[in-house]
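Student: I have a multi-chain model open. Can you show me how to read its main features?

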Amino acid sequence: MRGFLRVVADLYRSDPRCRFAFTAISIVIMFALMSFVSPQDPGSSYYAPPNQPPSVAHPFGTNSRGQDMFWFLTFAVRNSLVFGVITAILSRIIAISIGLIAGYKGGIIDRIMMVINDSFVVLPVLPLLILINFIIREQMSILQLAMVIAAFGWAWDARLIRSQVLSLKEREFTYTSVFSGTKTSSILISEHLPFVMPIVLSTTINNLLWAIGMEVTLAVLGLSNIGIPTIGTTIYWANQHQALISGVWWWIAAPVAISVLLFVALYLLVVGLGAYLDPRTRLQRMKGVLSDERA
Amino acid sequence: MSVLRIQNLQAYYQSTLYGVTRNVKAVDGVSLDLRANEIYGIAGESSCGKTSLIKVVFGAIKPPLTIIGGRVLYQINDRDFDITQTNDETLRQMRWKQVSYILQGSMSLLNPVRRVRKTFWDFTKAHEPVIEPEKFEATTREHLNRLGLPAEVLDSYPHQLSGGMKQRVAIALATIFQPKVILADEPTTALDVVVQRGVLQLLRRIQQETKNTLVIVTHDMGIHANIADRVGIMYAGRIVEEGTVKHIFSEPRHPYTKHLIQSLPKIGDKSKRQSIPGAPPNLADPPAGCRFHPRCPYAKPICSVQTPELSPIQDERRVACFLLTKENAHVS
Amino acid sequence: MGKSFLTYVIQRIAQCLLVVIIGITITFLIPRFSPTDPVEAVVNRAMMMGQFSHPDAVEMMKDALTKLYGLDGTLGQQYVRFWRGLLSGDLGPSLSSFPKPVMSLIRGSLPWTGALLLTTAIIAWVTGNMLGALAGYYADKRWSHVLSIIAMSLHPIPYYIMAFVLLVLLAYVIPVFPLGGAVAIGLKPGFNWIYISSILRHAFLPALSLVLVGIGGWFVGMRALVTNIVSEDYVTYAEYAGVPNRTIMYQYVMKNALLPQITGLAMQLGLIFNGALITEYVFNYPGLGYLAYSAIFAGDYSLIMGVAVFSIIGVSLAVLLVDLAYPLFDPRVKHQ
């Protein structure tokens, strides 16, 4: 944990991208947490005068259903984040298992798994998700939607994890441990996991991004449970009420602005993390050895 | 006749990363005199600054590598060029025509998506912009022929060549204009022993034909014994001993050189090899005085205080050690 | 062009067939294993709209739909029938535009999606890679940093949001482009400037949104690749030999950096296709995406199936084309 905090501090200090990312993500999370102290229930409506532009009383204005956009969006953002995190975790479980099994088993098992894996990488996912959601949308909870989306969101990362495993398998220290009789499971956990974790972390954030974007897409098409407030369903309802044509632009602008902020921040975090974890800068930082003097 | 004089050269890697500035003293006060028609070997363990020295000598000084002091003087057409002071264009013109550099990594010196002929074309054209394709073809084939390489390599892509052939092609590329000085960094490291021999013979042949100066940098003492005329031993960014190959191998004087020579396997000798206790120093924070003193079995109090100069002790022989300099001669 | 090249081609074709088979099998299985079946979904919808209330009518409707959707018989029989229909180009009639066959609707929209996707994918790939390569090669320059920041802010934005923001900005707020559609209403198709310019004007915003997101991604990827490749030994060697920057940039750095980007293009076509679908919906562009949306809206199950199946086939074929073009750029595959 101390190490983790030091990394965060390092990143915050040295990389402006990460500084922006941390700040923006903290703001979005704080915003989502405010839903717990919201004076309004997201299900209730017409408690405020409808179609009010942003003001002191209603910082993000009110929509045509008489809901305060600020408080409503705290729930929407929270649900979208929760959904994204669940999806990312679920698809991580699939990606890590497949990547590790394919990487360590090797041979024919690896070949078969990778052929199937590549098919999933290439498949256009949206038409399939449209089909699934078309049939079962009415009953879908956030968890179910997360399961469906996670089922299609692992292939790319499984490949990355596998290639990382393959390169680790060839390293000196693996041979040393194998020859000195260390158990495979403890090699995996103590020697390899620290190397795989950074990749897992950055693919998790990427996946989170992808999942939240996918939810917006499906919701906009009317293919998610439109009774649950999320960033996507908020935009869906705004479109249904023709918010732009009737001049209620804040109904749309608020969720769009928050999601753009969130997306850019998460992405910059991935980029910053990638630079921090790059083996070359990592080596320089850890040892300060002659960077250009090889062998 | 000297061709290249290095005078008290200091070159550090200066970097600031995540808020920490550091100076890695890769080359710290090196003076060398290289002559025409000789093979000069620079020996030393990895990370002792050999490659950095060669880079500076070639004028490849890019941040974080920074010149702190000293000069690198080339004598070209009776004029001196300080390579640390020349502008980019002069440098560009000098390179390959006067001095070329075969960098380490023989397996990856050739562009994987370009035919070897195209690479020769690029390298030639860089210095003879108006050469005609026919003339290029003829001179390139002649050059390869002289080095004993088949002309077919021109039609190949690098992945179609063996490791040894790739290195020969890289050497051929470095010698198209028969430069006065050739710097070769670990030219045989990635190759197996039989192929190594061939590559070394090729290098020697080129040197003998063109009577130029060949500088070979390698940690492998066997190669120096095999090919070099004179050898400089480098330790932690400094030259600690210099002499003819015969002297260095038959009667090494500096304690570090002694150890390097003693640790070489000899036919018939079954005694156990001893390794030097301790590890080479971190060049970001080298020990004061003689940099070898923490590992030196003969270290005196003065060694950790004062830096020994590289001073001549006999003809063709210079050593940086207080045990050997005149005023302290009685101690040894 | 040796044996290994042939092996490569056969491998790629096999992989493509596999993708199609896996994708279509998934498409087949989804409605058959989901908790509600499509017949129920469609009937519930119809009942909600108050179209059938009599229980007998509902039963009849259910029977008819089960047959129509090919959901009668064992799973094996259904699977065989599904493939047979697909191979003979018969996906049944569309319910919302009855009795028009699903195939003819798809045939009508496929060219729009194809053209939009192809042009934007190529423009984005080429521009993104060119700019990214320059920015990577001149990584210390100020403009390189500025471009990177722009690209990094464009890339993570979901296609939907990008399309939507452009629509709002350039069609509502500053109405320079049409709100949607593929061509001005009432215009007669023909090879004349008015018709063509109308098509271009309508395609501009959807294309722009796809290109902007795409450029961002390729730029970031290429810049990273190039900053790695410039420190490769063969680049340093050529630099030391005095080879001019232009040659190094194009022949040494870019040619090598493009290889993973070609593979990347093949791998990302599915994602780009998703983007095209949703962009078409935003701009009412009459391609597969818009067709899918109208099918969702009208509860037209067979049309959605058709769109899914043809998306899979179309994307797989496009991926195959990119894969087959790869050896043209990498001698290691072509000359073994």
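The turns below go through one chain, two interfaces and a few local details.

Tutor: One caution before we start: this is a predicted model.

Student: What does the secondary structure of chain C come to?

Tutor: Chain C has 13 helices and 0 strands. Read from the N terminus, every element in the run is α. The C-alpha atoms of chain C fill a box of roughly 85 × 55 × 40 Å along the principal axes.

Student: How far apart are the end C-alpha atoms of helix 5 of chain C, and what span should its residues give?

Tutor: Use the rise per residue. Helix 5 of chain C covers residues 102-137, which makes 36 residues. At 1.5 Å a residue it should span 52 Å, and the end C-alpha atoms are 50 Å apart, so the two values agree.

Student: Where does helix 5 of chain C kink?

Tutor: At S109(C), by about 30 degrees. The proline P111(C) follows shortly after.

Student: Now the interfaces. How is the size of an interface given?

Tutor: Often as the accessible area lost when the parts come together. Chain C and chain A bury about 4300 Å² between them. Carbon and sulfur atoms give 78% of that area. The contact takes 56 residues from chain C and 49 residues from chain A.

Student: Which residues of chain C lose the most area to chain A?

Tutor: M152(C), M267(C) and I296(C). Together they make up 14% of what that side buries.

Student: How many salt bridges and polar contacts lie between chain C and chain A?

Tutor: The salt bridge count is 0. The rule finds 5 residue pairs in polar contact, both residues at pLDDT 80 or more. Several helices of chain C each supply at least two residues to this side, including helix 1 (3-33), helix 8 (193-229) and helix 12 (301-325). The largest share, 10 residues, comes from helix 10 of chain C. By class, the side of chain C that touches chain A has 38 nonpolar, 14 polar and 4 charged residues.

Student: What is the buried area between chain B and chain C?

Tutor: About 2200 Å², with 62% from carbon and sulfur atoms. Here 31 residues of chain B are in contact with 22 residues of chain C.

Student: Which side chains meet in a salt bridge there?

Tutor: Those of E239(C) and K62(B), at 4.0 Å from N to O. The rule finds 1 salt bridge across this interface. It also finds 9 residue pairs in polar contact, both residues at pLDDT 80 or more. On the chain B side, strand 6 (99-102), helix 3 (116-125) and helix 5 (163-174) of chain B give two or more residues. The residues of that side divide into 16 nonpolar, 8 polar and 7 charged.

Student: How many salt bridges does the structure hold over all chains?

Tutor: There are 23. One within chain B joins E45(B) and R295(B), with the closest N and O atoms 3.8 Å apart. This pair links distant parts of the chain, 250 residues apart. E45(B) sits in the loop between strand 3 (38-43) and helix 1 (50-57) of chain B. R295(B) sits in the loop between helix 9 (255-262) and strand 11 (311-314) of chain B.

Student: And backbone details: where is there a cis peptide bond?

Tutor: Between P63(B) and P64(B), with omega about 10 degrees. P64(B) is in the loop between helix 1 and strand 4 (65-76) of chain B.

Student: What is phi of N8(B)?

Tutor: Near 45 degrees, a positive value in a residue other than glycine. N8(B) lies in strand 1 (residues 2-17) of chain B.

Conventions. Residues numbered from 1 in each chain as written. Chains lettered and ligands numbered in written order. Predicted model: local features only at pLDDT ≥ 70, side-chain atom pairs only at ≥ 80, totals over all residues. Heavy atoms only, no water. Contact = heavy atoms within 4.5 Å. Buried area = accessible area lost by both parts, 1.4 Å probe. Polar contact = N/O pair within 3.5 Å; in protein donor to acceptor, adjacent residues only side chain to side chain. Helix = DSSP H or I, 4+ residues; strand = E, 2+ residues; numbered from the N terminus. Nonpolar A, V, L, I, M, F, W, Y, C, P; charged D, E, K, R; others polar. Expected span 1.5 Å × (residues − 1). Bend = angle between axes of the 7 residues up to and from the residue.
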